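Q: I am new to this structure and would like a close look at a single part of it. Please pick a sheet, walk me through its strands one by one, and then show me how it compares with other places in the chain.

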Amino acid sequence: MFQNNGTNFTSVGDLPSGSSHGNFVSWADYDNDGWLDVFVGNNTAGAADLYRNEGGVFSFQMELGTYYFGTAAWGDYDNDGRVDVLASGARTLEVTNTITRLWRNTGNGFTNINAGLPGIVAGSVAWGDFDNDGLIDILLTGTNELMGPISQVWRNTGSGFTNIHAGLTGMYDSRAAWGDYDRDGCLDIVLSGTTADGRFVTEVWRNLGGNANSPPSAPTGLTVTPSNSTVILSWNASSDAETPANGLTYNVRIGSVPGGSDVLSAMASFDGTRKVAQAGNAGSRRFAVFNYTPGKPYYWTVQAIDSGFVGSAFAAEQNFRVVQPPPAVVPAALTNLIPGDTNHDGLLDGTELNEVLAYYFANSPWLMMTNVSGLGGTNVTFALTNDLSGAFSVEYTTDFVEWHFLGPAVPRYDFIDTNAPASPTRYYRLRWP
């Protein structure tokens, strides 16, 4: 794995899944915690391993089958706000018994839904909504041990997948991708590979469906919440005529000047037109975690992306700058000082205590949690005694030493921790800002 330093790349270490004849690697934030996780195929051992990103440290989570000479792609096929994964390959190194599995993300793991898709090797799979019905469909190409080279489109009906018999040229050693080359609002197909009679071809197939796809609404309610050395950029959900709200993804742009994208590129034009046919860089989350440089101004905005990869207009641009105060200079003779003890008498009087608490609570030092429900489960909700307290973030720990950001506690107040039922027990705290 290599980290982008802005001008070059630096190795930050290896994952255990090294492989001869490199198979596949694919990024996605499967648990919606704001950190990209990675799915790695392995032609040496065959296993495909999922690694969770825990703030820059990757931990093995589970194996999702065996795919020699395989491929994989992430997409939320059931519009539940959790990204699922499609994987194809062979069960053996001899490239026999090909298989394609669709693993549904349940929030507590992954379940093979037995979608009935043909297995392929030496090919690729891709998600895209070709008929603009708000459900992403499957494009796959490669070699099947019974049918030979194939290229097929499988329509997502909402209750399963159906081969539409699109008449595409079957190929092996092939790649396939969606893209709206004629900008008519319908996804077209590009195929590249080797045909059954040995020809090397690249073909563009135009989508003649003609089903209209309107862009989503622009997000609203953009908010910036500082949290330790990061800020949490959050926004309200958008809406779309074809794609359900949970099926939308979001795309953040950040620049150092107004209208800029030099910090985080949205890969879209200023008017929101997408330059790539893919989901937004924030996935289905309505927040993004950003490591800022203190004192530096930032200008940011966000757009919504529907299942046909059409982008909304960008929200009205916001800006922020986080200024950290200089560290206090403490005389050497003063030791064992209590934080907030401004008169150095070793005690916190009422005024000093209120000043200390004011850094942790938005409007009142006596906020209390009420109506708590869901502890020990995945979804936790609660209320506060002061409804005007402002935006909070949630942190979790297992040892009361290391605290980790989980996400914002919004709107009144709720958060999701898909790993909550796991061992060891997790504990939570609110942090403001």
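A: Let's start with the surface of the protein chain: its accessible area comes to about 21200 Å², and carbon and sulfur atoms make up 55% of that. Please keep in mind as we go that this is a predicted model. Of the 433 residues in the protein chain, 45% count as buried. The chain has one helix and 29 strands. Among its contacts with a separation of 6 or more, 50% are between residues 24 or more positions apart.

Now for the close look. The part I have picked is an open sheet of three strands, in the order 18-19-21, with antiparallel pairing. Strand 18 (223–227) and strand 21 (287–291) stand at the edges; each has a single partner strand, so one side of each is left without a neighbour in the sheet. From one strand to the next, the twist averages 25°.

Let's take strand 18 and strand 19 together. They pair in the antiparallel sense over five bridges. To find your way along this pairing, look for Val224, which stands opposite Leu233 in strand 19. Strand 18 and strand 19 also form a hairpin with two residues between the strands, and in this hairpin Asn228 takes a positive phi near 55°.

On to the other neighbour. Strand 19 (residues 230–234) is joined to strand 21 by five bridges, and these two strands run antiparallel as well. Two places help you to follow the pairing: Thr230 stands opposite Asn291 in strand 21, and Leu233 stands opposite Ala288 in strand 21. Leu233 is therefore a handy place to pause, because it stands opposite Val224 of strand 18 and opposite Ala288 of strand 21, with a single partner strand left to each edge.

How well covered is strand 19? Five of its five residues are buried, which makes the strand mostly covered. It helps to recall that in a regular strand the side chains alternate between the two faces of the sheet. Here both faces are covered: Thr230, Ile232 and Ser234 are buried on one side, and Val231 and Leu233 are buried on the other.

Next, some side chains along strand 21. The rings of Phe290 and Tyr298 have their centres 5.0 Å apart and their planes at 85°, so this pair is edge-to-face. Phe290 counts as buried at 13% relative accessibility, and Tyr298 counts as buried at 3%. Phe287 has a charged neighbour: Arg285 lies over the face of its ring, at 5.4 Å from the ring centre. A similar arrangement is found with Arg253, which lies over the face of Phe314 at 4.7 Å from the ring centre.

For comparison, here is another sheet. It is also open, with three strands in the order 27-26-29 and antiparallel pairing. Its edge strands are strand 27 (404–409) and strand 29 (427–431), and each of them pairs on one side only. Neighbouring strands of this sheet are turned by 30° against each other on average, direction ignored. Strand 26 (residues 392–397) is joined to strand 29 by five bridges in an antiparallel run, and Ser393 has Arg431 of strand 29 as its bridge partner.

Strand 16 (residues 188–194) is worth a visit too. Five of its seven residues are buried, so the strand is largely enclosed by the rest of the structure. Six bridges join it to strand 15 (residues 172–179), and the two run antiparallel; in this pairing, Gly179 has Asp188 of strand 16 as its bridge partner. Another six bridges join strand 16 to strand 17 (residues 200–205), again antiparallel, with Val204 of strand 17 as the bridge partner of Val190. The hairpin of strand 16 and strand 17 has five residues between the strands, and Gly198 takes a positive phi near 90° there.

Finally, back to the rings. The structure holds 14 aromatic pairs. In one of them, Tyr30 and Phe110 have ring centres 5.7 Å apart and planes at 50°, so the pair is tilted. The two residues are 80 residues apart, with Tyr30 in the loop between strand 3 (25–28) and strand 4 (37–40) and Phe110 in strand 10 (residues 110–112). Both Tyr30 and Phe110 are buried, and ring pairs link them with Phe24, Phe39 and Trp74 into a cluster.

Note on methods. Residues numbered from 1 in each chain as written. Predicted model: local features only at pLDDT ≥ 70, side-chain atom pairs only at ≥ 80, totals over all residues. Heavy atoms only, no water. Buried < 20%, exposed > 50% of the residue type's maximum accessible area, 1.4 Å probe, protein only. Helix = DSSP H or I, 4+ residues; strand = E, 2+ residues; numbered from the N terminus. Pairing = 2+ DSSP bridges. Axes fitted to C-alpha atoms, helices over the stretch in contact; angles between N-to-C directions. Contact = heavy atoms within 4.5 Å. Areas by Shrake-Rupley, 256 points an atom, 1.4 Å probe, with all protein chains shown as cover. Phe/Tyr/Trp six-rings, centres within 6.5 Å; stacked < 30°, edge-to-face > 60°. Lys NZ or Arg CZ within 6 Å of the ring centre and 35° of its normal.
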